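Student: I'd like to learn how to read a few features from a set of coordinates. Can we walk through some together, starting with charged pairs?

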Amino acid sequence: VSDQKPLGCWSVKHGQIITCPVVCNFETHEYIAVHDDKVLRIWKNKDINLDKVFKATLSADVYRIHSLSNGGPVVLFKGGGIRTLDVLLEAPQQEIENIISDEVIKWSEAFTEGQQPVLIFATEKDGDFFVYVQKLKMNSLHKYKLEQQELSKPLSFTAYIKNQMITLLCLYSNDAVYKVLIPLQQNTEEEEQILSKSLLLNLSVSGSVLKGTSFVVLDKDHIAVLGSLAASGEESKECLTIWNTKFQTLQISKELPLGTSGQLWCYEEKFFFTHGKVLTVIMYKCETSSLAAAVGKLKDSQTPDVSSFVNWNTLGDEELVVSFQSQQSVALKSESKMTLRSKRNAVAKVQPDTVSVGQLLLNLKDAPTTVFEDELRQLMSKAQMPDFQATIGCVITALINRCKTNPKYYPRNFLLQIVQTRDLSYSLCPDLMAVALEKKDVHLLQICLQRFPDIPEEITYTCLKVFLSISEAYLQRVDVNLESVICYIDIEFNNKEVKTEIVENGFNAEREQDIWDTKITKETHLATDGEFCPVGPQKAALLNAVLHSAYSETFLLPHLKNLPAQQAVLFLRYLYYLYVKCSEKINTTLPGIRPPTINQIMDWMCLLLDAHFTVMVMLPEAKQLLSNLHKFVRAQVRFYSELNKIEGSLRELQRLNHQKDPHTYSIEVLELI
């Protein structure tokens, strides 16, 4: 998630619907999905097509699959029946009992307690809510009825097990959270016990009421609630809140202006939720609950120190920095902490090893430019591993934040120095490239594209569009690294052609005259013939940086379709030029430092044609280019087809040479038939 790169993507056939969340089997490292309620699919990372993976059709509809880290997956059916995956796979068509009759399952969760799996699920029927607890190994099932709440009903559930006691938390429609205790050890065989509940938390503070949609437990004293917070007479706003249940206080609230799906997940001290069209991941760390901290938090006007590793400023936190504890007291941690520090207004010249990095950057917020940059350089020089990278990310974030508040400030050389000398990533400083695009700092963008392994496809496309739109005259005045193009590009000096050596690879010019016209008119530089580069060396170097950037075709193609037609044709001409250049060499490798590879060139050509083929067919200026490209590729295919025909003879010749004495000199004539 931090790299924003998809590791795998699988899809079902058209008309099929995945009907419950996909889970991972931690024991076998396999994925498990159910589509159309009854069809079970199991596959691994190396599998590509879901049609060819394991398939089993079950006898009943599946509600949810729960994966336990040390107990294997557990399957809950809509009728209340439960099976472990191993038992289910032994006989997929086995009959599944219907336990809950007309009730509808609203929520379920699985736990491991004392080496045995425990599954709990809640159901609803005619306004009444029931809770079922089943211990799989003992095959014991207990049913409970939730005590009714007048004029309100439960909207969401969560639970945890501690000391043989299930704590079930229920978020009700009256904006309150209730707690229900269920003992795991039950000797009674009563069919239906009534569960009493106690009020845990009222979701209101200072006249504002939170209409929660989902919530999770963080620790014994804190819960996180996702919902809409509204004061009387004001418009409600979606937000993520964290509450202290011990002291009934709101610890933190973050507005989510782009909206959410209403779902909130929590895993290994990280929140997961959708914000607009992005998945936001926020690290958190709850300190030990105390009354002083709870009360102090309400009075603290400082922006809470919560960091998101995906789109760091998605939550509108312009002063976002990663907090660190003092190096003298504890080891630095790159995860942000929800700490209770007050903001200092005065700029204090303090050493980085005596305060946190986050506090130092806050102190430098209003410092003069020279003091600000000097302190940041000292901070980088004193940063220690293993948190050096996170410290550098904080430094860049501080520089970018100052650029945003002061449009005239842009420390180009400082940023270049950091990016060129440090191993950074896009996720560590995502706003850096956005500011560079705004300033049209093509040199910094070139370095970022070459060095960052995790640039989102949208940013890669934006860089490509900017590079293609900038004039050659402007690029000649700016600094661009030409190492990737200087050894092969064909340019002119004083109207004199300077060309690299041509070694024909794949066809004879005279023999292929009817396939590809190789005559080149020297008086005119027709970019469509692939002989001369259609762009200048500066623009070529920038485009090469784009070709080197990692991408996923699924995510890049929608953006590439928005590229203006004229720019798409120009880019295709440059790719065709590179393709011809590669084909001139026996090893299809361009000379120079970090030139594009033949695979990168071909992949981008295919992507561009997929995105713009219809438009290019209609454009008169692209017609000759497509024709030449087609002829050249056809010639290459014919050449490799001829090579395939003599492949067996060449291997036999190699085998005969190995059998002979290498010290004996001889001349032989071999006839290939």
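Tutor: Sure. This is a predicted model, so keep that in mind as we go. Start with Lys-220 and Asp-221, which form a salt bridge whose closest N and O atoms are 2.9 Å apart.

Student: Is Lys-220 buried or exposed?

Tutor: The general idea is to look at relative accessible area: under 20% is buried and over 50% is exposed. Lys-220 has 63%, so it is exposed. Asp-221 has 9%, so that residue is buried.

Student: How many salt bridges are there in the whole structure?

Tutor: A search of the whole structure turns up ten. One of them joins the side chains of Lys-211 and Asp-175, at 2.9 Å from N to O. When you read a pair like this, ask where each partner sits in the chain. Lys-211 belongs to strand 18 (residues 208-219), while Asp-175 is in the loop between strand 13 (165-172) and strand 14 (176-183), so the bridge ties together parts 36 residues apart in sequence.

Student: And how accessible are Lys-211 and Asp-175?

Tutor: Lys-211 is partly exposed, at 46% relative accessible area. Asp-175 comes out at 13%, which counts as buried.

Student: Where would I look for a salt bridge within a helix?

Tutor: Check how far apart the partners are in sequence. Here, the side chains of Glu-642 and Lys-645 meet in a salt bridge at 3.4 Å, N to O. They are three residues apart in helix 15 (residues 620-645), so about one helical turn separates them. Glu-642 is partly exposed, with a relative accessible area of 35%, whereas Lys-645 is exposed at 61%.

Student: Let's stay with helices. What can I get out of the length of helix 11?

Tutor: Compare the end-to-end reach with the expected one. Helix 11 (residues 537-548) has twelve residues, and from first C-alpha to last it reaches 17 Å, close to the 16 Å expected at 1.5 Å a residue.

Student: How many of the residues of helix 11 are buried?

Tutor: Eleven of the twelve, so helix 11 is largely enclosed by the rest of the structure. Among the buried residues are Pro-537, Gln-538, Lys-539 and Asn-544, along with Leu-542, Leu-543 and Val-546.

Student: Now sheets. What should I note down about one?

Tutor: Note the strand order, the pairing sense, the edges and the twist. One open sheet has five strands in the order 8-9-10-11-15, with mixed pairing. Its edge strands are strand 8 (104-113) and strand 15 (193-195), each of which pairs on one side only. From one strand to the next, the twist averages 25°.

Student: In what sense do strand 8 and strand 9 pair?

Tutor: Antiparallel: strand 8 and strand 9 (residues 116-125) pair that way over nine bridges. To pin down the register, pick a residue and find its partner: for Thr-112, the bridge partner in strand 9 is Pro-117.

Student: Which strands make up the sheet with antiparallel pairing?

Tutor: That open sheet has four strands, ordered 12-13-14-16. Strand 12 (154-162) and strand 16 (198-202) are the edges, each pairing on one side only. The twist from one strand to the next averages 25°.

Student: Which residue in strand 16 stands opposite Ala-176?

Tutor: Asn-202 does. As for the strands themselves, strand 14 and strand 16 pair in the antiparallel sense over four bridges.

Note on methods: Residues numbered from 1 in each chain as written. Predicted model: local features only at pLDDT ≥ 70, side-chain atom pairs only at ≥ 80, totals over all residues. Heavy atoms only, no water. Pairing = 2+ DSSP bridges. Helix = DSSP H or I, 4+ residues; strand = E, 2+ residues; numbered from the N terminus. Axes fitted to C-alpha atoms, helices over the stretch in contact; angles between N-to-C directions. Expected span 1.5 Å × (residues − 1). Buried < 20%, exposed > 50% of the residue type's maximum accessible area, 1.4 Å probe, protein only. Salt bridge = Lys/Arg side-chain N within 4 Å of Asp/Glu carboxyl O.
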